[in-house]
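Open the structure in your viewer and keep the selection tool at hand. This tour tells you what to select next and what is there.

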Amino acid sequence: MMTELDKLANIAVGMVEPLYEINIGYVARAMKNFGLKKLYIISPRCDVGAVALKYSAHAQDLLLGTFITKDLLQVINRYDLVVGTTGKVSMKRGPLRRFITPEELGDKLATCHLGKVLILLGREDIGLKNEELKLCDVVVSIPANPEYPIMNVSHAAAIIFYEIYKKISNYKGPKRDMPKREEIEVLLKYVRDTLRKKGKNKDKIKRAVLALKRILGSCKLSSSDVRLLIEIIKK
């Protein structure tokens, strides 16, 4: 019988253009600590070999099963919920970098029957670019000392993984079905088309759709909630 922790296997991790092999090893190790099993490495700027294996410790089996690819969009399209990460948050909290905390992400994932989830970790030097963040459904940021808020990618990953593991392992309440990628895309299409018919310009439409995408990604909507919203907008 599948346990709640078995569902952690539905959560994958993607490292975008990692710069240091040691961090790849440490991320794999943190994944194994908290029950995550699938790692994508997108366009690495370093080797993925002996050094990564050394620092992955007892997660070498996980690292040996890593998927290395150049196509970030292809990876994203396989998942129902894509979680971006950033240490750079906007003071105005505009839609692009509007964020939730790792604890809030854990709450969201614990209260649903997990679909396929991808957590994207940014580059060690510049993080995720704006265009990559736009592809994400929700953005997570870790509150830290404002004088030095940017964490090492493997340290940040461990905090995020821990909060997810903690919330999923302790949650005993009712669950909802996570919306599918296709359902969210249909809803956003109807909103985009409606705004276009109302005469809104392209920039306003893009901003509104991104804001809605962040709202949907951060709140605890079910698949049936999204289908209801689609029907309302269609009518």
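The stops below run from charged pairs to surface patches.

**Before you start.** This is a predicted model: local features need pLDDT of at least 70, side-chain atom pairs count only at pLDDT 80 or more, and totals for chains, interfaces and linings use all residues. Numbering starts from 1 along each chain as its sequence is written, and side-chain values use heavy atoms, with hydrogens and water left out.

**Stop 1: E17.** Select E17. It sits in the loop between β1 (11-16) and α1 (21-33). Helices (H or I, at least four residues) and strands (E, at least two) are DSSP runs, numbered from the N terminus. E17 is not a glycine, yet its phi is positive, about 45°. Its relative accessibility is 23%, which counts as partly exposed. The cut-offs: buried is under 20% relative accessible area, exposed is over 50%, and partly exposed is in between (1.4 Å probe, protein chains only).

**Stop 2: R123 and E132.** Which residue forms a salt bridge with E17? Add R123: the closest N and O atoms of this pair are 2.9 Å apart. A salt bridge here is a side-chain nitrogen of Lys or Arg within 4 Å of a carboxyl oxygen of Asp or Glu. R123 lies in the loop between β7 (117-121) and α6 (130-134), so its pairing with E17 ties together parts that are 106 residues apart in sequence. Now add E132. Its side chain meets that of R123 in another salt bridge, 2.7 Å from N to O. E17, R123 and E132 are thus linked in a network of salt bridges. R123 is buried at 5% relative accessibility, and E132 is buried at 12%.

**Stop 3: E183 and R227.** Select these two next. Their side chains form a salt bridge of 3.1 Å, N to O. E183 belongs to helix α8 and R227 to helix α10, so the pair ties together parts that are 44 residues apart in sequence. E183 is buried, at 15%, while R227 is partly exposed, at 43%. A search of the whole structure finds 14 salt bridges.

**Stop 4: R214.** Move to helix α9 (residues 202-218) and pick R214. R214 is buried but has no salt bridge. How far away is the nearest side chain of opposite charge? That side chain is D137, at 6.5 Å. Look instead at C136: its backbone oxygen lies 2.5 Å from a polar atom of the R214 side chain.

**Stop 5: R192.** Find R192 in helix α8 (residues 181-197). Select K206 as well. The two residues are 14 apart along the chain, and their C-alpha atoms are separated by 8.0 Å. R192 is partly exposed, at 29%.

**Stop 6: A57.** Go to the loop between α2 (50-56) and α3 (60-64), where A57 is placed. A57 has a positive phi of about 55° although it is not a glycine. Its relative accessible area is 24%, partly exposed.

**Stop 7: two surface patches.** Patches are made of residues with over 30% relative accessible area and no salt bridge; like charges are joined within 9 Å, and nonpolar side chains (Val, Leu, Ile, Met, Phe, Trp, Tyr) within 5 Å. Select K38, R78, K116 and K180 together: they form a positive patch. Lys and Arg count as positive and Asp and Glu as negative, with His and the chain ends not counted. K38 is in strand β2 (residues 38-42) and is partly exposed, at 33%. Finish with L228, L229, I232 and I233, which make a nonpolar patch of about 340 Å². Within it, L229 lies in helix α10 (residues 223-234) and is partly exposed, at 32%.

Note on methods
Areas by Shrake-Rupley, 256 points an atom, 1.4 Å probe, with all protein chains shown as cover. Charge placed at Lys NZ, Arg CZ, Asp CG, Glu CD. Polar contact = N/O pair within 3.5 Å; in protein donor to acceptor, adjacent residues only side chain to side chain.
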